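Hi,

Here is the structure I said I would pass on. Have a look at it first, and then read my notes underneath.

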Amino acid sequence: MASLSKIIKGYKGDLARVHRDSILELGNRVQDGTPVDKGRARASWSHSGPIQIGVIHTFTSNLEYIIPLEYGHSKKSAPHGMLRINVRNWNSIVKEQI
């Protein structure tokens with residue numbers, strides 16, 4: 001029978017994998033949900049910080065028009081944005097990764 005510490009270590013590894021995969025999936029969805037004209041907005045997204053549990057994750061874009069785009073300025077963008085809608089779906093993203 002496996003020792004309790006080995007079982008806990010296994011769960012920590014699983015938890016770290018689910019967390020990492022969920023963060024990466026969130027970033028993919030934000031990027032894929034960004035409307036494309038010339039592709040600058042979609043390519044401008046970045047993630048800062050290490051992908052670790054307990055670390056605040058920040059997705060940013062340095063484009064001057066990303067906020068209007070997020071709030072539906074473009075006819076190609078949904079009024080719910082690409083970042084807000086995907087962050088709202090965080091729980092379902094995690095469940096998919098489990």
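**What I found**

The lining of the largest pocket is a mix: five nonpolar residues, two polar and four charged. Keep in mind that this is a predicted model. That pocket has a volume of about 160 Å³. Its lining comes to 11 residues, and if you want to find the centre, look for P35, V36, D37, K38 and Y65, which lie nearest to it.

Next, the inside. In soluble globular proteins, nonpolar side chains tend to be buried together. Here the largest nonpolar core is made up of 11 residues: I23, L26, V30, A41, W45, F59, L63, I66, L69, M82 and I93. Helix 1 (4–33) and helix 3 (66–70) each put in at least two of them. The largest share, three residues, is from helix 1.

One residue I'd zoom in on is S61. You'll find S61 in the loop that runs between strand 2 (58–60) and helix 3. Is S61 buried or exposed? Its relative accessible area is 17%, which is under the 20% cut-off, so S61 counts as buried.

And what does the side chain of S61 make a polar contact with? The partner is the side chain of S44, at 2.5 Å. A polar atom of the S61 side chain also lies 3.4 Å from the backbone nitrogen of L63. Leaving out residues up to four places away in sequence, S61 touches S44, W45 and I66. W45 and I66 are both listed in the core above.

Cheers

Key:
Residues numbered from 1 in each chain as written. Predicted model: local features only at pLDDT ≥ 70, side-chain atom pairs only at ≥ 80, totals over all residues. Heavy atoms only, no water. 1 Å grid on protein atoms, 1.4 Å probe; cavity = no way out; pocket = protein on both sides within 12 Å on 5 of 7 lines; lining within 4 Å. Points joined across faces, edges and corners; volume = space filled by probe spheres on them. Nonpolar A, V, L, I, M, F, W, Y, C, P; charged D, E, K, R; others polar. Core = buried A, V, L, I, M, F, W, Y, C linked by side-chain atoms within 4.5 Å. Buried < 20%, exposed > 50% of the residue type's maximum accessible area, 1.4 Å probe, protein only. Helix = DSSP H or I, 4+ residues; strand = E, 2+ residues; numbered from the N terminus. Polar contact = N/O pair within 3.5 Å; in protein donor to acceptor, adjacent residues only side chain to side chain. Contact = heavy atoms within 4.5 Å.
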